[in-house]
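Student: Please take a close look at the salt bridges of this model. I should like them set in the context of the overall fold, with every cut-off stated.

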Amino acid sequence: MMEAGADAGAVALCLSEAFSAGIWAETPMPVGTASDPDSAMGVISGLGRRPAILAASAPHAVAGCVLGAVLTPAIIAQYGLAPWGALPGDGLLAFIGISPGAQGSRIRACPGDLFELSRDPGDPSLAGMLFRRWLRLPALAGCPRLFFRTRHRIGAIRHLGRRCGFAECGSFEIMFRGRCQTRLVYRREHAAAPPQEGRP
């Protein structure tokens, strides 16, 4: 099931698992607490009082999640977006995470807002479905621009972003858990054509 505003603990666990596996294992993200900005709970807390969260709930767990917010001056500073024209009232897709057991999954729609995970290459990807549905959350409807950041190595998200009307607008270096990393910045004018559901 796709749901907005899912339980913060379940979303934090999914985010932690997603960003502690595969290429992320070099800088694992603990579930942590709201006071640790590099932890999953800290990420959620740092998005303010009304984060824009969408989760795909599978039986007994969250299979994938997208976290973001309407930008405030504090969030703009935290995510380093001022040089690319980010203003309060714009939107940010901060993280998209798929639990290790669901990575690479496709998604088959069922009646209502239910779904089942699939490996059929003809079905749309879980990550793509989350990305597109997050862009249509009512909380973001008034945002003049939308932003996200990612790394060079995360080709799937860069590809999704381009398909949904985002353009790369710059990059910068950050220190993350003792490692220097490059973040690419993508931006989309909200007037861009709405993303269509389907294969990524």
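Tutor: The protein chain has a radius of gyration of 16 Å, which agrees with the value near 16 Å that a compact globule of 200 residues would have. The radius is taken over C-alpha atoms, and the globule rule is 2.2 Å times the number of residues to the power 0.38. The model is predicted, so local features need pLDDT of at least 70 and side-chain atom pairs count only at pLDDT 80 or more, while totals for chains, interfaces and linings use all residues. Residues are numbered from 1 along each chain as its sequence is written, and side-chain values use heavy atoms, with hydrogens and water left out.

Along the principal axes, the C-alpha trace spans about 45 × 35 × 30 Å. The chain holds 5 helices and 9 strands, where helices (H or I, at least four residues) and strands (E, at least two) are DSSP runs numbered from the N terminus. Their order from the N terminus is β-α-α-β-β-α-β-β-β-α-β-α-β-β. Of the 200 residues, 47% are buried; buried denotes under 20% relative accessible area, exposed over 50%, and partly exposed in between, for a 1.4 Å probe and protein chains only. Among contacts (heavy atoms within 4.5 Å) between residues at least 6 apart in sequence, 61% join residues at least 24 apart.

A salt bridge is counted when a side-chain nitrogen of Lys or Arg lies within 4 Å of a carboxyl oxygen of Asp or Glu. This rule yields 4 salt bridges. One of them joins Asp-90 to Arg-145, with N and O 3.1 Å apart. The two partners come from distant parts of the chain, 55 residues apart: Asp-90 is in the loop between α3 (73-79) and β4 (91-98), and Arg-145 is in strand β7 (residues 145-150). Both Asp-90 and Arg-145 are buried.

Arg-108 and Asp-120 form another salt bridge, their closest N and O atoms being 4.0 Å apart. Arg-108 belongs to strand β5 (residues 106-109) and Asp-120 to the loop between β6 and α4, 12 residues apart. Arg-108 counts as partly exposed because its relative accessible area is 32%, and Asp-120 is placed in that class by its 35%. Together with Asp-123, these two residues make up a network of salt bridges.

The strand that carries Arg-108 is also held in a hairpin. β5 and β6 pair in the antiparallel sense over 4 bridges, pairing being defined by at least two DSSP bridges between the strands. Within this arrangement, Arg-108 has Glu-116 of β6 as its bridge partner. The hairpin has 5 residues between its strands, and Gly-112 takes a positive phi near 75° there.

The loop after β6 offers a further detail at Ser-125, which lies between β6 (115-118) and α4 (126-135). Ser-125 counts as buried because its relative accessible area is 11%. A polar atom of the Ser-125 side chain lies 2.8 Å from the backbone nitrogen of Gly-128. This is a polar contact, that is, a pair of N or O atoms within 3.5 Å; within protein, one must be able to donate a hydrogen and the other to accept it, and residues adjacent in sequence count only if both atoms are side-chain atoms.

Arg-158 and Glu-168 also form a salt bridge, with their closest N and O atoms 4.0 Å apart. This pair links helix α5 (residues 155-163), where Arg-158 sits, to strand β8 (residues 167-176), which holds Glu-168, 10 residues apart. Arg-158 is buried because its relative accessibility is 19%, whereas Glu-168, at 43%, is partly exposed.

Covalent cross-links between cysteines do not add to these pairs: the whole structure has 0 disulfides, a disulfide being a pair of cysteine sulfur atoms within 2.5 Å. The sulfur of Cys-65 has its closest cysteine sulfur in Cys-14, and no bond is possible because the distance of 3.9 Å is too far. For Cys-143, the closest cysteine sulfur is that of Cys-164, 16 Å away and therefore too far for a bond. Cys-65 is buried at 0% relative accessible area, and Cys-143 is buried at 3%.
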